[in-house]
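Got your viewer open? Here is a short walk through the model, one selection at a time.

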Amino acid sequence: MERHGGRILADQLALQGVRRVFSVPGESFLAALDGLYDVGIPNITCRHEGGAAMMAEAYGKMTGAPGVLLVTRGPGATNAASGLHVARQDSTPMVVFVGQIARAHRDREAFQELDYRRFFGPLVKWVAEVDQTERLPEYIARAFHIAVSGRPGPVVLALPEDMLSARADVPDLPSPARLLPEPGAAQVAAVAEALAQAERPLVVVGGPHWSAQAAADLARFAGAFDLPVAVSFRRQGHLDNRHPCYVGDLGVGMNPRLGARLAAADLVLALGTRLGDTATNGYTLLDPTRPGPRIVHVHADPDELGRVWRPDPGIALPAPAMVAALARLNGHPGPWAAWRAGARAEYEAWTIPRHTPGAVRMEQVIAWLSAHLPEDAIVTNGAGNYAAFLHRYFAFKAHGTQLAPTSGSMGYGFPAAISAALEHPGRAVICLAGDGCFQMTLNEMSTAIQHGAKVVVIVANNGRYGTIRMHQERRFPGRVSGTDLANPDYAALARAYGGDGVLVTDQAAFPAAMARALAATVPFVIELQLDPEALATGFTLSEARAMGEAGAG
C-alpha cells in the first residue's frame with residue numbers, strides 16, 4: 001500500500017514504541033504531522049525548539065529509549081542545538097527529525113537552507129539526509145539503533161519536504177535485534193583481583209544505562225565489599241544517598257574532603273563515568289599526564305577506554321552489566337573499613353546545612369524538601385549556584401528521581417520537569433531554578449498548561465546570574481558588569497499563563513507554600529525572595545569579593 005513519507009515516518013515511530021514526540025511545527029514537515037494524526041502518537045507542541053529538545057532529552061534520560069524531536073529547517077534546527085548538546089554530553093539517546101528544503105533547491109542558499117551534516121556533525125553521533133521516500137524505514141531503524149548503541153547519544157535525520165510528501169510502497173523495518181551484553185568470567189575476575197590488591201579503593205559511578213535494578217545491584221555489591229561509592233556530576237540517583245557506602249558526588253562545588261579521597265585512592269573503579277574534568281576538578285585531583293592510582297575503567301564505548309586515562313584494565317561494557325555480575329559475587333570487605341567509614345562521615349558532615357544570610361535560606365528549603373517530599377518525587381534543575389544547594393543538601397533516594405544536565409545547561413530544569421510530569425503524571429515533580437535559569441525557558445509554561453503537566457517550580461530569586469557573579473567578584477572584585485537581572489512577578493506570571501503561584505519572603509512560610517503547590521491541579525510557581533548576599537553554599541557575596549581583593553593584592 002502506498003503511503004506518503006510522513007505516514008511512513010509515523011508508522012515507523014509506532015513500530016519503535018514511541019509514546020510521544022516533542023515539536024515546534026513547521027511547514028517543512030507538514031506530511032509528518034499528518035502521519036502523526038493518523039497514527040495517534042501524541043505531539044507535545046512546545047514554544048521554542050530549545051525547550052522542546054530538552055523535553056525530548058529528559059524523556060531519553062528517564063526511559064533509556066530515544067526521545068523524539070521534530071523541528072523545522074534553519075532557525076528551528078539551530079534553536080534545538082542547545083538540547084542536542086545536553087544529549088551529547090549526558091549520553092542520552094535522542095532522534096531528531098529536521099524538515100529540509102526541497103531537493104531541487106539545494107546548494108542555492110534557498111530560504112532557511114542549511115547543511116545539516118556540517119552543522120550537526122561535531123554535535124551528534126550520526127547525521128544524515130534522506131533523499132528517497134522508500135528508504136525512510138531503513139534510515140529511521142538505523143537512527144534508533146545508533147541512538148542507543150554503545151555510548152548513547154543524539155542522532156539527526158534531515159527530511160526534504162518534497163521527499164516527505166512523496167508516496168511509496170515500502171514495508172516497515174524494525175531496528176536491528178540487540179542482545180544485552182554480559183561480562184565474561186575473565187572480566188569479572190579482573191575487577192575482583194584489582195579490589196583484592198587495593199587498600200584505599202573508591203568506586204566512581206556515572207554515565208548512562210542505569211535503572212532501578214542497576215541501583216539495587218550497586219547497593220548490594222558495595223555493601224558486600226564495604227566499598228565507598230562516589231557518583232559523578234548530577235548522577236546522584238545511581239545509589240540511594242542514605243546507603244552507608246554512599247560518600248557524595250564528584251561535581252561542581254564538591255566536598256573538598258571527597259576530592260582529597262579521590263586523589264589519595266590507590267584504586268579507582270570507574271563504572272560508566274568518563275572521569276571528566278568536572279569529576280576530577282579540572283584534572284587536578286587525577287592528572288592523565290602523571291602517574292596516579294590504578295584505574296579500572298568500565299564503559300560502554302570502547303573508544304572511550306584509553307582516550308584520556310590509561311585503564312588497567314579497560315572493559316567495554318555498559319556499567320550496569322558489570323555491576324550485576326559483581327553483585328553476584330560472594331563479596332567480603334577488604335582492609336578499608338576505616339577508609340569507607342571516614343568517607344561516609346565526611347559526607348554526612350558536609351550535608352549539615354551551613355547558615356546563609358537572609359529571611360529565606362536555600363539550605364533550609366532543600367533540607368525541607370529532602371525530608372518531606374515523597375521518595376519517588378522527581379527533582380529537576382538547570383544550572384546556577386542555586387543547584388549547588390540541591391547537590392549538597394538533598395538526599396536522592398531512588399533511581400530516576402534526578403533530572404539534571406551534566407553539560408551545565410541553563411534553562412533545562414523546567415522543560416525536563418514538564419517531560420517528567422507527562423511521563424509520570426502520578427508523581428510529584430519539582431523543578432529548582434534560578435531567576436536567570438527559569439527565564440530562559442519559562443515560555444514553556446504554555447506547553448505545561450496545554451498538555452496538563454502538573455509541575456512545581458521553585459525559583460531562587462537573587463536578582464543576578466549568581467554563578468557568573470561569583471566568578472566575577474573573585475577575579476574582578478567590585479567591577480559588576482552584565483550579571484544583574486530584572487525580574488517579573490513570577491507568581492503573577494504563572495497565573496497569567498493559567499497556573500498559580502506564591503511569593504515566599506520568610507522561611508516559616510515555605511512549608512505551607514509547598515503544601516499548596518503539591519495540592520494544586522495546575523503548574524505552580526514558588527518564588528523565593530533571597531538575600532543578594534547569599535551567593536553560594538560556602539561563602540557570601542561579600543566573602544567572594546574579599547577573596548578577589550585578597551588575590552588581587
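Select L136 and show what surrounds it: setting aside neighbours within four places in sequence, L136 is in contact with G5, I8, V130, L159, M163 and L164, contact meaning heavy atoms within 4.5 Å. At 0% relative accessibility, L136 is classed as buried, since buried means under 20% relative accessible area, with exposed over 50% and partly exposed in between (1.4 Å probe, protein chains only). Now add V170: 34 residues separate L136 and V170 in sequence, and C-alpha to C-alpha they are 8.9 Å apart in space.

A word on what you are looking at: this is a predicted model, where local features need pLDDT of at least 70 and side-chain atom pairs count only at pLDDT 80 or more, while totals for chains, interfaces and linings use all residues. Residues are numbered from 1 along each chain as its sequence is written, and side-chain values use heavy atoms, with hydrogens and water left out.

Back to L136, which lies in helix α6. Helices here are DSSP runs (H or I, at least four residues) and strands are too (E, at least two), numbered from the N terminus. Colour α6 (residues 136–148) and α1 (residues 5–15): their axes come within 10 Å and cross at roughly 35°. Those axes are lines fitted to C-alpha atoms, for helices over the stretch in contact, and angles run from 0 to 180 degrees between N-to-C directions. Which residues in α1 and α6 meet? From α1, pick G5, I8, L9, Q12 and L13; from α6, pick L136, P137, I140, A141 and F144. By class, this contact of α1 with α6 has 8 nonpolar, 2 polar and no charged residues. Nonpolar covers Ala, Val, Leu, Ile, Met, Phe, Trp, Tyr, Cys and Pro, charged covers Asp, Glu, Lys and Arg, and the others, Gly among them, count as polar.

Next, jump to W350, in helix α12 (residues 337–350). Is W350 buried or exposed? Buried, with a relative accessible area of 18%. Leaving out neighbours within four places in sequence, W350 is in contact with G253, M254, N255, P256, R392 and Y393. For a distance check, pick A214: W350 and A214 are 136 residues apart along the chain, and their C-alpha atoms are separated by 26 Å.

Follow R392 and Y393 into helix α14 (residues 385–393), where 8 of the 9 residues are buried. Besides R392 and Y393, the buried set includes N385, Y386, A387, F389, L390 and H391.

Keep Y386 selected and add V459: the pair is 73 residues apart in sequence and 9.2 Å apart in space, C-alpha to C-alpha. V459 sits in strand β18 (residues 456–461) and is buried at 0% relative accessibility. Not counting residues up to four places away in sequence, V459 touches A433, G434, D435, F438, Y490, V525, I526, E527 and L528.

Finally, zoom out to the protein chain. The secondary structure comes to 21 helices and 20 strands, and buried residues make up 57% of the 553 residues. Among contacts between residues at least 6 apart in sequence, 76% join residues at least 24 apart. Along the principal axes, the C-alpha atoms fill a box of roughly 70 × 60 × 45 Å.
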